[in-house]
Amino acid sequence: MAERIYLLPEEGTAYKANLHCHTTYSDGHLTPEEIKEAYMGQGYQIVAITDHRHYQWHQSLCDKDFLALAAMEVDINEHFKVPGDFSRVKTYHINLYDTIPEQFVEEKQKDLLPERKYHDTDYINEYIRKMKEYGFFACYNHPYWSLQNYDDYKNLRGFWGMEIYNYGCEHDGLYGFNPQSYDEILRQGNRLFCVATDDNHNYRPFGDPLCDSFGGFIIVKAKELTYEAVTEALLRGDFYSSMGPEIYNISVKDGTLEIETSPVEKIYVVTSGRNCYKKLAPSGETITGAAFELDGTEEYIRIQIRDGQGRYACSNAYEMRGATPALRTYNMTGG
């Protein structure tokens, strides 16, 4: 009998994280200290502060119960079609997360911003490669808000992940959820992880229906709440993304994929083709798990679930080797 393969680790502690957050160091309305207090109050243990064009590690926020990741968000914009009108400008927004904030300290204060070369994909990929040398891994952000389509992202390489959900963009135009963009990238052989984030600026107070905090997060499974353990777990893909529903188990044994969740209405297994495995609850009821026989033709699988409030949770994509998913670890040296 084959050994069970856990796609989400069985061991470790589950930590709740927001990997896209703005403060008063750029265009956010809360200080880093206020962000820590607010997010800890909602059960978060990890926040990456990704201020625009401003790299910083807010190390003073870190303690045994909370971890602040050193990070920043950079942009590469088209030239304005109409002077002063950014609303029609295509742009790449990229989050950079630092695995080694104690190293290359001087370089990180003077040599991080990309040049304005929007249509030069080779340059963008080379920029990501250079950032890796400094210890950063990169996330491609909110393609719809950025007015981008497949031609804009099909040749991107070296990225660790992309945003499958951005809560702030959902407020902006009901275009925060981008599973089709993720699948377009996966279908052409580019394997990367996916994250749900807030991208919060906190222009509205907590409790306001348009407040952009606490709507998109990941649950990362790490051995402890330390900088090294958490970044290692992120690089291994030991997490899932969510707007609210929870995924407790994704594992495979003897070719059978087993999934355990919080109460939801739908459990889907998305593949590289149009055929999906699926289990749906009867009207007015919920389900908390499903099992599917894999046939080895899937190329990749990823789990997508939806609860009664229309909120989704998504796993990362797993490469298939026959009827066995292959775990993928992000390569900080090669991509």
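A crossover counts as right-handed if, with the strands pointing away from you, the path from the first strand over the helix to the second runs clockwise. Keep that in mind as you open this predicted model.

**Stop one: a β-α-β unit.** Select strand 2, helix 1 (residues 32–41) and strand 3; together they make a right-handed β-α-β unit. Now zoom in on the two strands: strand 2 and strand 3 (residues 46–49) run parallel, joined by three bridges. For one of the pairs, click Cys21, whose bridge partner in strand 3 is Ile49.

**Stop two: another partner of strand 2.** Keep strand 2 (residues 13–21) on screen and add strand 9 (residues 217–222): these two run antiparallel, with five bridges between them. Label Tyr15 and you'll find Val220 of strand 9 standing opposite.

**Stop three: an open sheet.** Next, pick strands 1, 11, 12 and 15. They form an open four-stranded sheet in the order 1-11-12-15, with antiparallel pairing. At the edges sit strand 1 (5–6) and strand 15 (287–293), each pairing on one side only. Strand 1 is tied to strand 11 (residues 247–253) by two bridges, and Tyr6 has Ser251 of strand 11 as its bridge partner.

**Last stop: helix 6.** Select residues 179–187 and show side chains. Which residues of helix 6 are buried? They are Pro179, Ser181, Tyr182, Asp183, Ile185 and Leu186. To see what covers these buried residues, turn on helix 4 (150–153) and strands 7 (161–166), 8 (193–197), 13 (266–271) and 16 (300–306), which are among the covering elements. Finish just past the helix at Gly189, where phi is positive, near 90 degrees.

Key. Residues are numbered from 1 along each chain as its sequence is written. This is a predicted model: local features need pLDDT of at least 70, side-chain atom pairs count only at pLDDT 80 or more; totals for chains, interfaces and linings use all residues. Side-chain values use heavy atoms; hydrogens and water are left out. Two strands pair if DSSP finds at least two bridges between them. Buried means under 20% relative accessible area, exposed over 50%, partly exposed in between (1.4 Å probe, protein chains only). Contact means heavy atoms within 4.5 Å.
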